Amino acid sequence: MNHIYQTRGYVLAHFPSGEYNKQLVILTEQFGVIRATAQAVRKIESKLRTSIQDYSHAEFFLVHGKGGWRLINTTHTGNLSTEITKESFLMFARIFSLIMRLIPEEDNASKVFSMIDEAVKFAKENKISAAECEHL
């Protein structure tokens, strides 16, 4: 039996895989950037469907096997697209895209995760305007 890993993370992107599956790119606290397969989440009756949209943050429950990482459950905590201003969201979208290109998979990125986590908390607490985002 495989060990179930529990870690916080942000969904950076997703890609369709097969008829009902998704391939997720997740920035995790413990494992850095990983690709995980989520089975049957594109079905309407899927319970995980809402918690694995792009820019969601959640507690992820993962199993690592021969075929790589598989998502088995999540505890949804929110989605950046609804929690912060449009300007801040666009800034995070660019940052997430950059993270996917620059950080190798399963590389220790705990410092990057903590900086993103702090930036998200700051963006939630302080509604950043468009003029302020231009200076960042």
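Is Phe 89 buried or exposed? I started there, and Phe 89 turns out to be buried, with a relative accessible area of 17%. The cut-off for buried is under 20%, so Phe 89 makes it into that class. Note to self: this is a predicted model.

**Entry: the ring partner of Phe 89**

I looked for a ring beside Phe 89 and found Tyr 55, in an edge-to-face aromatic pair. I get 4.8 Å from centre to centre and 80 degrees between the planes. Tyr 55 belongs to the loop between strand E3 (32-38) and E4, while Phe 89 belongs to helix H2, so this pair ties together parts 34 residues apart in sequence.

**Entry: other rings**

I then went through the aromatic pairs, and the count comes to 8. The one I checked next was Tyr 10 with Phe 113: the ring centres are 5.6 Å apart and the planes are at 45 degrees, so I wrote this pair down as tilted. Tyr 10 sits in strand E1 and Phe 113 in helix H3, 103 residues apart, and the pair links these distant parts of the chain. Both Tyr 10 and Phe 113 are buried.

Which residues do the ring pairs link into a cluster? I listed Tyr 10, Tyr 55, Phe 89, Phe 92, Phe 96 and Phe 113. Both pairs I had looked at thus have their residues in this cluster.

I also checked for a charge over a ring. The charged end of Lys 43 sits over the ring of Tyr 20, 5.0 Å from the ring centre.

**Entry: nonpolar cores**

Phe 92 and Phe 96 came up again when I turned to the largest nonpolar core, which has 20 residues. They are listed with Leu 27, Leu 80 and Ile 99 as the residues with the most contacts inside this core. Strand E1 (4-17), strand E2 (21-28), helix H2 (86-102) and helix H3 (110-125) each supply at least two of its residues. The largest share, 6 residues, comes from H2.

I picked Leu 27 for a contact list, leaving aside its neighbours within four places in sequence. Among its contacts I found Arg 8, Gly 9, Tyr 10 and Leu 12, and further along the chain Ile 99, Phe 113 and Ile 116. Gly 32, Val 33 and Ala 109 are on the list as well.

There is a second, separate core of 15 residues. Ile 26, Leu 48, Leu 62 and Leu 71 are included in this second core.

**Entry: strands around E1**

Which strands pair with E1? I noted E2, antiparallel over 8 bridges, and strand E4 (residues 56-65), antiparallel over 7 bridges. On the E2 side, Val 11 has Ile 26 as its bridge partner. On the E4 side, Thr 7 has Phe 60.

I looked at the turn too. E1 and E2 form a hairpin with 3 residues between them, and Gly 18 in that turn has a positive phi of about 75 degrees.

**Entry: salt bridges**

How many salt bridges are there? My count comes to 6.

I opened the one between Arg 35 and Glu 105, where the closest N and O atoms are 2.9 Å apart. Arg 35 is in strand E3 and Glu 105 in the loop between H2 and H3, so the bridge ties together parts 70 residues apart in sequence. Arg 35 counts as partly exposed at 36% relative accessibility, and Glu 105 counts as partly exposed at 46%.

Next I went to helix H3. Asp 117 and Lys 121 form a salt bridge at 4.0 Å, N to O. They lie 4 residues apart in H3, about one turn of the helix. Is Asp 117 buried or exposed? Asp 117 is buried, with a relative accessible area of 8%, whereas Lys 121 is partly exposed at 40%.

Lys 121 also meets Glu 118 in a salt bridge, at 3.9 Å, N to O. This pair is 3 residues apart in H3, again about one turn of the helix. Glu 118 is partly exposed, with a relative accessible area of 48%.

Last thing I checked was how far the shared partners reach. Arg 8, Glu 29, Asp 117, Glu 118 and Lys 121 are joined into one network. Arg 8 was already in my notes as a contact of Leu 27.

Conventions. Residues are numbered from 1 along each chain as its sequence is written. This is a predicted model: local features need pLDDT of at least 70, side-chain atom pairs count only at pLDDT 80 or more; totals for chains, interfaces and linings use all residues. Side-chain values use heavy atoms; hydrogens and water are left out. A nonpolar core is a set of buried Ala, Val, Leu, Ile, Met, Phe, Trp, Tyr and Cys residues joined through side-chain atoms within 4.5 Å. Buried means under 20% relative accessible area, exposed over 50%, partly exposed in between (1.4 Å probe, protein chains only). Contact means heavy atoms within 4.5 Å. Two strands pair if DSSP finds at least two bridges between them. Rings of Phe, Tyr and Trp (its six-membered ring) pair if their centres lie within 6.5 Å; planes under 30 degrees apart count as stacked, over 60 as edge-to-face and the rest as tilted. A charge sits over a ring if NZ of Lys or CZ of Arg is within 6 Å of the ring centre and within 35 degrees of the ring normal. A salt bridge is a side-chain nitrogen of Lys or Arg within 4 Å of a carboxyl oxygen of Asp or Glu.
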